[in-house]
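Visitor: Could you walk me through this model and the reasoning behind its labels?
Guide: Gladly; here it is.

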2 protein chains.
Amino acid sequence: MWADIEPIGRHRGTGGYRRFAWTGEDATLREWFSGEAADRGLDVIEDRAGNQWAWWGDPDADGPGVVLGSHLDSVPDGGAFDGPLGVVSAFAALDELRAKGFTPARPVAIANFGDEEGARFGVACAGSRIITGAMTADRARALTDASGISMAEAFSRAGRDPARVGADPEAVGRIGTFVELHVEQGRGLVDIGRAVAVGSSIWPHGRWRFDLPGEANHAGTTRLEDRADPMLAFAAVVLGARAAAVRHGVVATCGKVNVEPNGVNAIPSHVTGWLDARGADTEQVRAVVAEVADLVGEHGGTVAEESWTGSTAFAPALADRLAALLDDAPVLATGAGHDAGILAAAGVPTAMLFVRNPTGISHSPAEHAEEADCEAGVAALAQVLEELAR
Amino acid sequence: MWADIEPIGRHRGTGGYRRFAWTGEDATLREWFSGEAADRGLDVIEDRAGNQWAWWGDPDADGPGVVLGSHLDSVPDGGAFDGPLGVVSAFAALDELRAKGFTPARPVAIANFGDEEGARFGVACAGSRIITGAMTADRARALTDASGISMAEAFSRAGRDPARVGADPEAVGRIGTFVELHVEQGRGLVDIGRAVAVGSSIWPHGRWRFDLPGEANHAGTTRLEDRADPMLAFAAVVLGARAAAVRHGVVATCGKVNVEPNGVNAIPSHVTGWLDARGADTEQVRAVVAEVADLVGEHGGTVAEESWTGSTAFAPALADRLAALLDDAPVLATGAGHDAGILAAAGVPTAMLFVRNPTGISHSPAEHAEEADCEAGVAALAQVLEELAR
């Protein structure tokens with residue numbers, strides 16, 4: 001399975017993945033998912049956000065069921081594991097249980113959530129946010145990518161009906177328990193020498209866009225004192241965000257910027273930057289965002305919240321049960337958002353498993369997990385599925 | 001004439017022009033130029049850099065001649081006047097002289113220099129640099145645009161032979177005197193209440209690219225102390241360049257940046273920034289560049305000089321003669337580079353005329369010149385042509 005998806009959306013130059021929602025690469029990954037499901041006799045349905053569900057058994061007659069899964073899309077130049085490891089491991093865990101003749105007592109599904117990274121339309125976990133109602137259909141449809149294409153238009157181009165987009169309580173209601181396996185995005189497991197952990201919670205996290213207006217002008221003939229140069233304001237905000245994050249003990253990142261017109265000899269007319277901020281403590285994260293907003297305001301700019309997810313604890317009893325099942329696996333919190341967090345916030349009993357990442361690097365072509373650790377992840381996921389579906 | 005080219009390459013959203021070398025818009029503008037020349041019975045030839053020359057008379061038999069002209073390309077979201085005003089005014093000045101029955105004593109040409117802004121391949125005045133040998137053919141051919149297309153490939157796609165690109169002493173030798181009319185890119189004429197000025201010199205100016213390496217990683221899960229975030233380095237360089245420019249009394253601008261991968265939740269793996277620096281004094285400009293290079297080096301980055309043009313004085317006796325001719329027109333230096341500067345540096349007798357810009361704004365959709373001032377520019381250019389070609 002891994003070899004089949006390995007080349008899809010991989011950039012020749014960087015070696016990183018560019019798998020964005022509702023693109024050709026995304027369609028190829030969806031076909032791969034449907035094919036794997038068909039090979040196993042699973043029934044694939046797509047919900048109102050375009051998330052794929054491959055069911056073994058009938059959740060409407062005998063559900064709710066146990067759902068394993070993750071996502072197949074990537075950040076720009078992302079790694080091979082973030083997302084796909086959870087989907088591939090789910091199929092492999094199912095195969096392992098079937099090979100030993102296991103028959104589940106309730107329906108089982110593997111899910112592929114769409115647009116988890118939000119790399120194209122700016123909102124992470126768009127697929128799970130839409131079906132749980134955490135993002136309204138109108139807001140989702142109106143989101144635009146860097147070329148000005150709306151999500152509604154992207155749905156249409158991909159042969160889906162944008163009018164159908166919206167909360168899908170039926171799809172959510174079919175999930176009795178959701179378990180997402182994911183490559184770890186830090187060094188927690190490396191430090192303690194374990195291959196697999198159980199997730200406890202997701203830090204509160206969000207994204208903010210800040211718009212800094214300027215006045216386009218010639219870089220050679222405009223006196224410094226006559227300039228309104230928003231690149232200077234952007235630089236001040238980048239450094240200010242970092243300083244505020246250090247003060248408040250959280251993480252803050254400006255990883256994306258758009259400059260208009262982005263010409264060497266033109267003072268920019270407009271700079272748009274993005275802030276990603278997260279931390280264990282909601283108040284501290286909010287304090288950083290407030291300081292950044294003040295700084296943006298001092299430069300005549302505006303800040304818009306693109307997404308916000310409060311601290312999300314996974315079902316604590318379930319986490320304890322799975323940790324005990326997996327040889328007293330460590331229980332870790334994470335700074336990364338996941339569809340599992342959106343579902344947990346919507347009241348779905350949810351758990352996560354993390355697989356060791358030797359460097360902790362993620363969202364990069366250097367992201368990695370050793371084969372033995374991936375196999376340990378599959379074995380753990382199979383144990384969890386057997387426990388929950390028997 | 002103005003109405004014919006007004007819509008070409010104009011962006012609907014910004015109202016600015018996007019007329020880049022060897023694109024479809026550029027081809028349309030070249031066709032327009034050839035058409036205007038044909039309507040007047042002028043012979044159009046293209047030199048080894050693809051610059052267009054519309055000759056009245058035979059410069060090889062009776063030359064060298066008097067050449068008027070400028071360029072038709074633009075910066076990203078540039079204004080309507082920077083470049084086209086000089087070409088349109090040249091045709092209009094010719095028409096004005098012909099209407100009064102003037103016959104030149106030597107050949108006269110109107111020139112359209114290609115790729116003056118360097119918006120696509122990063123080197124300003126590429127057309128005049130190539131034919132004068134200020135840029136070698138090998139370097140020109142190897143320049144690439146943002147999509148990785150080389151100038152050689154762009155020439156091929158536009159139906160030109162890249163092997164032919166190179167210094168063209170024959171084309172340069174046909175120019176007895178070159179006069180470029182241009183919209184002013186500052187407020188010099190506004191301040192003194194005049195419509196037209198004569199140019200004295202061009203400030204030394206250059207462009208530098210700086211590359212800042214980092215380590216791609218997840219914005220939510222990587223501790224601040226574990227990060228190598230090149231966006232922070234970029235911000236420090238932007239602010240440092242401005243501070244150095246203030247200290248040294250020159251102008252410095254970071255108007256362009258490319259971020260890899262440019263994702264909201266990804267610490268960048270690499271940031272490339274550009275510095276444009278100019279000033280009346282070469283030593284001061286060089287001092288700013290040296291300080292910026294030190295700062296880039298402190299952040300583990302490297303600096304590459306993309307272009308450098310020393311201070312260029314136009315022929316002083318010619319400037320005085322034209323100023324006297326034009327009712328004691330003011331004589332002004334400029335911070336903007338022009339093909340006229342490249343030709344002057346190559347030893348061609350060269351002059352410039354500037355037309356008043358009510359706001360001083362240039363390289364922006366807000367760039368403007370009043371119709372009466374444009375007409376005064378045409379009248380001045382006709383006077384100059386009559387003086388030089390009789």
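**Two copies, two domains**

Guide: This is a predicted model. A turn of 180° with a shift of 0.1 Å along the axis lays chain B on chain A, at an RMSD of 0.1 Å.

Visitor: What makes the two copies related as by a two-fold rotation axis?
Guide: The turn is 180° and the shift along the axis is 0.1 Å, so the copies are related as by a two-fold axis. In chain B, the C-alpha nearest that axis belongs to B:Ala235, 2.1 Å away from it.

Visitor: How do you know that the copies meet through the same surface?
Guide: Of the interface residues of chain B, 100% are also interface residues in chain A, so the surface is the same.

Visitor: Why is B:Cys254 in no disulfide?
Guide: A disulfide needs two cysteine sulfur atoms within 2.5 Å. For B:Cys254 the nearest cysteine sulfur, that of A:Cys254, is 17 Å away, so by that cut-off there is no disulfide. Over all chains, the search finds 0 disulfides.

Visitor: Why is B:Cys374 called buried?
Guide: Its relative accessible area is 15%, and buried means under 20%, so B:Cys374 counts as buried. B:Cys254, at 4%, is buried too.

Visitor: What lies between domain 1 and domain 2 of chain A?
Guide: Together they bury about 1,000 Å², 40% of it on carbon and sulfur atoms. The interface has 6 residue pairs in polar contact and 0 salt bridges. The centres of the two domains are 32 Å apart, and the contact takes 15 residues from domain 1 and 12 residues from domain 2.

Note on methods
Residues are numbered from 1 along each chain as its sequence is written. Chains are lettered from A and ligands numbered from 1 in the order in which they are written. This is a predicted model: local features need pLDDT of at least 70, side-chain atom pairs count only at pLDDT 80 or more; totals for chains, interfaces and linings use all residues. Side-chain values use heavy atoms; hydrogens and water are left out. Copies are superposed by least squares on the C-alpha atoms of residues with pLDDT of at least 70 in both. Contact means heavy atoms within 4.5 Å. Buried means under 20% relative accessible area, exposed over 50%, partly exposed in between (1.4 Å probe, protein chains only). Domain bounds come from an automatic or database domain assignment. Buried area is the accessible area (1.4 Å probe) that two parts lose on being put together, summed over both. A salt bridge is a side-chain nitrogen of Lys or Arg within 4 Å of a carboxyl oxygen of Asp or Glu. A polar contact is a pair of N or O atoms within 3.5 Å; within protein, one must be able to donate a hydrogen and the other to accept it, and residues adjacent in sequence count only if both atoms are side-chain atoms.
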